[in-house]
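Please read the report below alongside the sequence and the structure, which is a predicted model. The text takes up helix packing, then strand pairing, then a loop.

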Amino acid sequence: QTSKMFKILSDSLYSDKIKAVIRELATNAHDSHVSAGNPNPFLVKLPTAASPNFSVRDYGTGLSREDMESMYTTYGASNKNDSNDFVGCLGLGSKSPFAYTKSFTTSSYFDGMKYTYIAAIDDAGVPNLNLIHSCETSEPNGLEIGFAVRSSDFSEFSSKAVRVFHYFKQKPTIVG
């Protein structure tokens, strides 16, 4: 797992970086709902002047601290290899925000705990994951991934979200 491979798999892989990030994170949210048996929509927040962040919050299975720390730092690591019910399985989607930004926040809600991480590219060009906070929570299981968006990209996030979600059978709840 070298910096060169991380760059290829998170940056060079996608020709349309904004659309790819929306699609990959939303697909992971969808798959998590399938895994948890949750038929309800996941939540997508589009960037606005009042809240210049993009985020996806699912209400699926969530990930334990151990699973977070292995899956978010290893390409190819996936918990969806054993079923055809899932869209993803290559272990790339969770790292897709790196195609747009050098850091993003992930919170995992898992069995009464909330683990908040910052994923970032280090000076050597390799992603790392830092636990910045953990606490008890009454929130349902799931993940929330988010990052800041340049104001010049707000409308592009909105228009590409429309295109991506056009193909989703179960539409997410969209805010922004």
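In the predicted model, the contact between helices α2 and α4 brings Ile18, Lys19, Ile22, Arg23 and Ala26 of α2 against Glu156, Phe157, Lys160, Ala161, Val164 and Phe165 of α4. The axes of α2 and α4 lie 9 Å apart and the two helices pack at an angle of about 50 degrees, which means that α2 is oblique to α4. The crossing in which α2 passes α4 is right-handed. As a general point, residues three or four places apart in an α-helix point the same way, because the helix has 3.6 residues a turn.

The buried residues of α2 are Ile18, Ala20, Val21, Ile22, Glu24, Leu25, Ala26, Thr27, Ala29, Asp31, Ser32 and His33, and among the elements that cover them are β2, β6 and α4, the last of which comprises residues 154-166. The length of α2 can also be checked: its 20 residues, at 1.5 Å a residue, should span 28 Å, and the distance of 29 Å between its end C-alpha atoms agrees with this. Just after α2 comes glycine 37, whose phi is positive, at about 70 degrees.

Strand β2, which helps to cover the buried residues of α2, is made up of residues 53-57, and four of these five are buried, so the strand is largely enclosed by the rest of the structure. The pairings of β2 with strands β1 and β6 are set out below.

| Strand paired with β2 | Sense | Bridges | Facing residues |
|---|---|---|---|
| β1 (residues 43-45) | antiparallel | three | valine 44 in β1 and valine 56 in β2 |
| β6 (residues 142-148) | antiparallel | five | phenylalanine 54 and phenylalanine 147 in β6 |

Is asparagine 38, in the loop between α2 and β1, buried or exposed? Its relative accessible area is 18%, and the cut-off for a buried residue is under 20%, so asparagine 38 counts as buried. When neighbours within four places in sequence are left aside, the residues in contact with asparagine 38 are His33 and Tyr59. Of these contacts, His33 is itself one of the buried residues of α2, and asparagine 38 therefore reaches back to the helix that precedes its loop while being buried itself.

Technical notes
Residues numbered from 1 in each chain as written. Predicted model: local features only at pLDDT ≥ 70, side-chain atom pairs only at ≥ 80, totals over all residues. Heavy atoms only, no water. Buried < 20%, exposed > 50% of the residue type's maximum accessible area, 1.4 Å probe, protein only. Helix = DSSP H or I, 4+ residues; strand = E, 2+ residues; numbered from the N terminus. Pairing = 2+ DSSP bridges. Contact = heavy atoms within 4.5 Å. Expected span 1.5 Å × (residues − 1). Axes fitted to C-alpha atoms, helices over the stretch in contact; angles between N-to-C directions. Parallel < 35°, antiparallel > 145°, perpendicular 65-115°, else oblique. Left-handed = near helix turned anticlockwise from the far one by under 90°.
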